[in-house]
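The following exercises concern a predicted model. Each sets a task and then works through the solution step by step.

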Amino acid sequence: MDAMQDAVRKLTALSNKDAEPHYREAPNNIEAEQALLGAILVNNDAYYRVSDFLKPVHLYEPLHRKIFEVAGDIIRMGKTANPVTIKTFLPADERVGDLTVAQYLARLAAEAVSIINAEDYGRAIYDLALRRALITIGEDMVNIAYDAPLDMPPQTQIEDTERRLFELAETGRYDGGFQSFNDAVAQAIDMAGAAFERDGHLSGISTGIMSLDGKMGGLQRSDLIVLAGRPGMGKTSLATNIAYNIAAAYEPEVQADGSFKARNGGVVGFYSLEMSAEQLATRIISEQTEVSSSKIRRGDITEADFEKLVACSQMMQKVPLFIDQTGGISIAQLSARARRLKRQRGLDCLVVDYIQLMTGSGKGGDNRVQEITQITTGLKALGKELNVPIIALSQLSRQVESREDKRPQLSDLRESGSIEQDADVVLFVFREEYYVKNIEPRDPHDPKYPEWEAHMDKVKGTADVIIAKQRHGPTGTVKLAFQSEYTRFADLADPSFTQYEEH
């Protein structure tokens, strides 16, 4: 064991073996790293006990990182990793004290402990790596606070530190970097497997509206989905319907590490910048009970209606839908609150109603187009960071109203081309009934009245969701039923309406 202790002293770079170091050394445990690597070299099954959480970067000693990485590559290829097969992939001229790398590998294997302890050693190494990362974040925070740079006021530093701490808590990493293509391929296969097992065989989270899911494959993680429309088209209603459908379908599944993951549905965060939480809840209750929201507000309900409302509210209390009604929230505040929600309750989907009511994080001199660009770029980055789809509602410019054809186009997105550019999916809500209703002839005996009536019968109770842009799938139009008194969108029961769907 003396040779191993010499190796420890060599690896920790203590030039004087008998003297105490005159500096505070970063937390590490070289003996635990040696014990884990030895167990892996003796029995490759030990690697699979730690590979789901331990990565090469978590090991303190660079040589140990390289050994762990090479051993992992060999084992994943279905081959045996031992001192003989590994040494050819390591620098032959490197020495560990008096030992060559080949001799050091043989010593690791010869003095290996039981495979049973491998996971405990792995956890100890991982925890020390997190402590080193925490020290780095803390040192950066102190140094920046002392320097007080003009481009990073205290509020920005708090948000940046919170983001780094969140990433460290979620993934064990506090900064980005290149990802192996092998890892990307594995994630793609995992996504396909999850889609196969999920209800409806969707790769994303179901909206609860089958015809929309059919075109989009559900809401894809990390996507920014912009839902736009003119006032009165029902964009908030559609977003509310989707948010509630996702939350109501939530089925948690326990992971190996004790955390929960959504098998179906998900936990939803809803930023309601326009309506209060109470108004939003009233809409959802109206949709679920089929009692008109205007009647609920006026108290014009029967005893049977009231019993339905009470029963519905009791059921809804269990639904993981969280509402933030702060008006004029900035993209930085929104991001910080979303990270907190994910840490405390979990998070599978975010809804923002709506983009134009948010503020950017820049200086007051920024014009509105630059501010909207900052908001959409921030939302896209947040979706990728949290790995959740974000549904962001947006207004359309008034130029829609001046055209004869009122169907929205991408060029109608208000104030910034960045909304179209940053969005992975752009959906427009269009209700022709709204416009047809406004041109009703005043005189029922007008010769044009029967023509108007026929047109109204054709479009009444329907809405078009126009998929104007979709990175992962086709564009086109989905025809839905819309019940305005309950603010509810649903699939059309009559299949004859498919004649209006564009392919």
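**Exercise 1. Determine whether Phe166 is buried or exposed, and identify its surroundings.**

Step 1. Phe166 is located in helix α8, which covers residues 154–171.

Step 2. The relative accessible area of Phe166 is 5%. The cut-off for a buried residue is under 20%. Phe166 is therefore buried.

Step 3. Leaving aside residues up to four places away in sequence, Phe166 touches Arg339, Lys342, Arg343, Glu385 and Leu386.

Step 4. Phe166 and Arg339 are 173 residues apart along the chain, yet their C-alpha atoms are separated by 6.7 Å.

**Exercise 2. Describe how helices α15 and α16 are arranged relative to each other, and list the residues in their contact.**

Step 1. Helix α15 comprises residues 331–344, and its axis comes within 10 Å of that of α16, crossing at roughly 15°.

Step 2. Angles under 35 degrees count as roughly parallel. The crossing angle therefore makes α15 roughly parallel to α16.

Step 3. The handedness of this crossing is right-handed.

Step 4. On the α15 side, the contact involves Ile331, Leu334, Ser335, Ala338, Arg339 and Lys342. These meet Ile375, Gly378, Leu379, Leu382, Glu385 and Leu386 of α16.

Step 5. Sorted by class, the contact of α15 with α16 has 7 nonpolar, 2 polar and 3 charged residues.

Step 6. Arg339 and Lys342 of α15, together with Glu385 and Leu386 of α16, belong to this contact; these four residues are also touched by Phe166.

**Exercise 3. Repeat the analysis for helices α11 and α12: at what angle do they pack?**

Step 1. Helix α12 spans residues 277–289; α11 and α12 have axes 10 Å apart and pack at an angle of about 75°.

Step 2. The range from 65 to 115 degrees counts as roughly perpendicular. Helices α11 and α12 are therefore roughly perpendicular to each other.

Step 3. From α11, the contact draws on Thr236, Ser237, Thr240, Asn241, Tyr244 and Asn245. From α12, Leu280, Arg283, Ile284, Glu287 and Gln288 take part.

Step 4. In the contact of α11 with α12, the residues divide into 3 nonpolar, 6 polar and 2 charged.

**Exercise 4. Establish the strand order of the sheet and name its edge strands.**

Step 1. The sheet is open and has 9 strands, in the order β7-β6-β8-β9-β3-β10-β11-β12-β13, with mixed pairing.

Step 2. Strands β7 (321–324) and β13 (488–491) each pair on one side only, and they are the edge strands.

Step 3. From one strand to the next, the twist averages 25°.

Step 4. At the β7 edge, β6 (residues 268–272) pairs with β7 in the parallel sense over 4 bridges. Within this pair, Tyr271 of β6 stands opposite Asp324 in β7.

**Exercise 5. Characterise strand β3: how many of its residues are buried, and which strands pair with it?**

Step 1. Of the 6 residues of β3, 6 are buried, and the strand is mostly covered.

Step 2. Leu224, Val226 and Ala228 lie on one side of β3, whereas Ile225, Leu227 and Gly229 lie on the other; both faces are covered.

Step 3. Strand β3 pairs with β9 in the parallel sense over 6 bridges, and Gly229 stands opposite Gln395 in β9.

Step 4. Strands β3 and β10 also run parallel, joined by 4 bridges, with Ala228 opposite Phe428 in β10.

**Exercise 6. Which helices lie across β3, and how do they run relative to other strands of the sheet?**

Step 1. Helix α16 (residues 368–386) lies across β3, β8 and β9, at about 165° to β9.

Step 2. Helix α11 (residues 235–248) also lies across β3, as well as β6, β7, β8, β9, β10, β11, β12 and β13, and runs at about 155° to β6.

Step 3. Ala381 of α16 is partly exposed, with a relative accessible area of 43%. The C-alpha atoms of Ala381 and Leu224 are 9.1 Å apart, although 157 residues separate them in sequence.

**Exercise 7. Summarise the chain as a whole: how many helices and strands are present?**

Step 1. The secondary structure comes to 20 helices and 13 strands.

Step 2. Of the 503 residues in the chain, 44% are buried.

Step 3. Among contacts with a separation of 6 or more, 68% join residues 24 or more positions apart.

Note on methods
Residues numbered from 1 in each chain as written. Predicted model: local features only at pLDDT ≥ 70, side-chain atom pairs only at ≥ 80, totals over all residues. Heavy atoms only, no water. Pairing = 2+ DSSP bridges. Helix = DSSP H or I, 4+ residues; strand = E, 2+ residues; numbered from the N terminus. Axes fitted to C-alpha atoms, helices over the stretch in contact; angles between N-to-C directions. Contact = heavy atoms within 4.5 Å. Parallel < 35°, antiparallel > 145°, perpendicular 65-115°, else oblique. Left-handed = near helix turned anticlockwise from the far one by under 90°. Nonpolar A, V, L, I, M, F, W, Y, C, P; charged D, E, K, R; others polar. Buried < 20%, exposed > 50% of the residue type's maximum accessible area, 1.4 Å probe, protein only.
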